[in-house]
Each structure stands twice: as C-alpha cells, then as structure tokens.
Amino acid sequence: MLNFVVRRLLAMLPVLLAVSLLTFLIASLLPGDLALVILGDQATPENVAALRRDMGLDQPLWWRYLSWLGHVLQGDLGRSFRTGQSVLQAVAERIPVSLELMLMAEFIGLLIGVPVAIACAARAGGAFDRFMTGSAFAMLSMPSFLMAILLIYLFAVELHWLPATGYVPFTEEPLSNLRFFVLPALTLALAEWPGIMRVLRSDMIATLQEDYIALAKAKGLKPARILFVHALKPSSLTLVTVTGINIGRLLGGTLIVESIFALPGIGRLLVGAIYTRDLVILQGVVLLVACGFVIVNFIVDMLYAVLDPRIRHGHA
C-alpha cells in the first residue's frame, strides 16, 4: 500500500506543476496592463513604469513565473491591490462557506441518487426504473440558475418556509445557518443526483448479472443482503470517481449559486475578482481551487485501492 501511495504522490507532482504554470499563464496573458489597472486615474508614464518595475512586470515571463512559484512554495500567494488582504486570508475567510455548501449538496445528492439507483437496478426495466431514468434526463437538462429561481419562488416566496438569500455563520446560530444553506445545497444536489443515479444503476445492473450473485441467490440469501452487501460495494468504484469529481468541481464551481443566494464563499470571491480585475486574487483562488481538485482526485485513487485490492497491487 505504501508503494502505491508513493507512486501516486510522485505522479501528482508534475500535475501540480502544470496546474501552477497554466494558472500563471492564464492570469499573466490577459489583455491589459495590471499597472494601469492599479493606478487608475493616477496612471502617468512615470508612475506606470515605476510600478511595473516594483512588481517585476518588466521581467521576462519565465523569470516572473519562477519568482511567483517560489513565493507560492513559501505560502505567499500575494495580496489584493484593491483591499490589501492576502490571498490566503481572503480564501480562509470564505472557504468554510463553500465547503459547507459543497458537502451539504453532495450529501443530499447521494441521499437521493444512491437509494434510487439501487431501487432501479433491483427492478431494471420496470415502471419505476423508466420513470426515474426519464426524470434524471429531465433534471440534467435544467440549468442550476433556473432551478435556484424555482426553489426560491416555491419555498421562499410562496410557502415562506426558507430564506431566499443571506448567510449566518454556523458558530453563531447553527439552525439559522442550516436554513440559509438548504435552498442552495438543494439546487446543487438536484443537478448532482441524476449523474450519481445513472452511474450506480448501470454498474449495479452489470454486477447483478455476475455468477457470484446467482450463487448468492441460489443459497437463499435475502434480496436486501444481496443488494447492499454483495452488489453495492463492487459497483461503487465508478460512483467514487463521480463523487470525487463532483466535490472538486463544486469547490470552485458554485459561482452562480453563491451569487444568487448571496453566500460569501469562494465563488463570489472569484466573481468579485473578475469584475474588479484583481488579478492577484484571481490567480491565487484559481490555483488553490485547481490544486484542491487534484488533491481530491488523489484521495479518490486511495479509495480505489481500499475498495479494490487489485488496484494497489497493480493487477487492475
């Protein structure tokens, strides 16, 4: 197992290096002059030249990348030229909001998708299976912003059950915090469960046709034991992949939902950096989100090795 972990870590290093390079290039090659953006009305040729020299913008691109990477490896992602706040501090203030939203959305998505997938696989081709498969296709075709508007109209405007926008820290009022997160988490979960259901349903249908399942049935084991003990675990490899990808994507992909529900998370920080052209914040947040996605995929690889020993021994 240790050799497997070491191999995966070594394979992850060039990926992280490539992520840092792409992040730097995306932010550095954007049109416009960062010095002009920072100086604004005070942008004279002398001031612009002096600021470019102080920020190293007059250096070659490769030297700027190496200098920036050196600071990143020391934990310095820079400071916002608008607020003076460091990137790490800005992210640290907002990451709990995005993490809570991500975990709640994924939990609700799994809570809906996994039981539905098991029920559909147990009666593949039946009325319930056809209905849920059609419903999943319909849900996949609905954009998240439209789902958010519908949920706000139903639960906040008409029924007055839940607040439409706002945020309260969990440490201050846990119940109020959860109430503010229900609608945004449900918005994301309703977009996540169809993929979870379809993947697990297909794998379980294939697993239920294996010989050892037929043997288990011949021994007289209860259908519930066959489904949850003998069929669910070997069918969950692809589900683990989908869940890991969803978590990585939700970590930085909740821009629209956080903006609609006014949640002060990473998504809104990124949107604000784009609007204000705060390239330091933009660069730092994109790098952290991308690295988080890579790390989540590394964790998924480790879960693969736990679920299927053949993977860590190199036989699959």
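User: Why is Ala-262 called partly exposed?
Analyst: Its relative accessibility is 28%. Buried means under 20% relative accessible area, exposed over 50%, and partly exposed in between (1.4 Å probe, protein chains only). The 28% of Ala-262 lies in between, so the residue counts as partly exposed. This is a predicted model, in which local features need pLDDT of at least 70 and side-chain atom pairs 80 or more, while totals for chains, interfaces and linings use all residues. Numbering starts from 1 along each chain as its sequence is written, and side-chain values use heavy atoms, without hydrogens or water.

User: What makes the backbone of Ala-262 worth a look?
Analyst: Ala-262 is not a glycine, yet its phi is positive, about 55 degrees. The residue sits in the loop between α12 (255-260) and α13 (266-276).

User: Which class does His-160 belong to, buried or exposed, and why?
Analyst: His-160 has a relative accessible area of 61%, over the cut-off for exposed, so it is exposed. Its phi is also positive, near 55 degrees, and His-160 is a residue other than glycine. His-160 lies in the loop between α7 and α8.

User: Why is Ala-138 called partly exposed?
Analyst: Its relative accessibility is 42%, which falls between the two cut-offs, so Ala-138 counts as partly exposed. Ala-138 belongs to helix α6 (residues 127-140). Pro-194 is 56 residues away from Ala-138 in sequence, with 9.0 Å between their C-alpha atoms.

User: What makes a stretch such as α6 a helix, and how many helices are there?
Analyst: Helices are DSSP runs of H or I with at least four residues; strands are runs of E with at least two, and both are numbered from the N terminus. The protein chain has 15 helices and zero strands.

User: How many disulfides does the structure hold?
Analyst: Zero. A disulfide needs a pair of cysteine sulfur atoms within 2.5 Å.

User: Why are Cys-120 and Cys-291 classed as they are?
Analyst: Cys-120 has a relative accessible area of 0%, so it is buried. Cys-291 has 18%, still under the cut-off, so it is buried too. Across the protein chain, 41% of the 316 residues count as buried.

User: Where does Cys-291 appear in a pocket lining?
Analyst: In the second largest pocket, which has a volume of about 270 Å³. That pocket is lined by 14 residues, and those closest to its centre are Leu-16, Val-72, Leu-73, Leu-287 and Cys-291. Two or more lining residues come from each of α1 (2-28), α4 (61-73) and α14 (279-307).

User: What makes a space a pocket or a cavity?
Analyst: On a 1 Å grid over the protein atoms alone, a cavity holds points where a 1.4 Å probe fits but cannot get out; a pocket is an open set with protein on both sides within 12 Å along at least five of seven lines; lining residues have an atom within 4 Å of a point. Volume is the space filled by probe spheres set on the points, which are joined across faces, edges and corners.

User: How many cavities does the search find?
Analyst: One of 30 Å³ or more. The largest cavity encloses about 30 Å³. Its lining consists of Met-139, Met-142, Pro-143, Ser-144, Met-147, Thr-187, Leu-190 and Ala-191. Helix α8 (174-207) and α7 (144-158) each supply at least two of them. The largest share, three residues, comes from α8.
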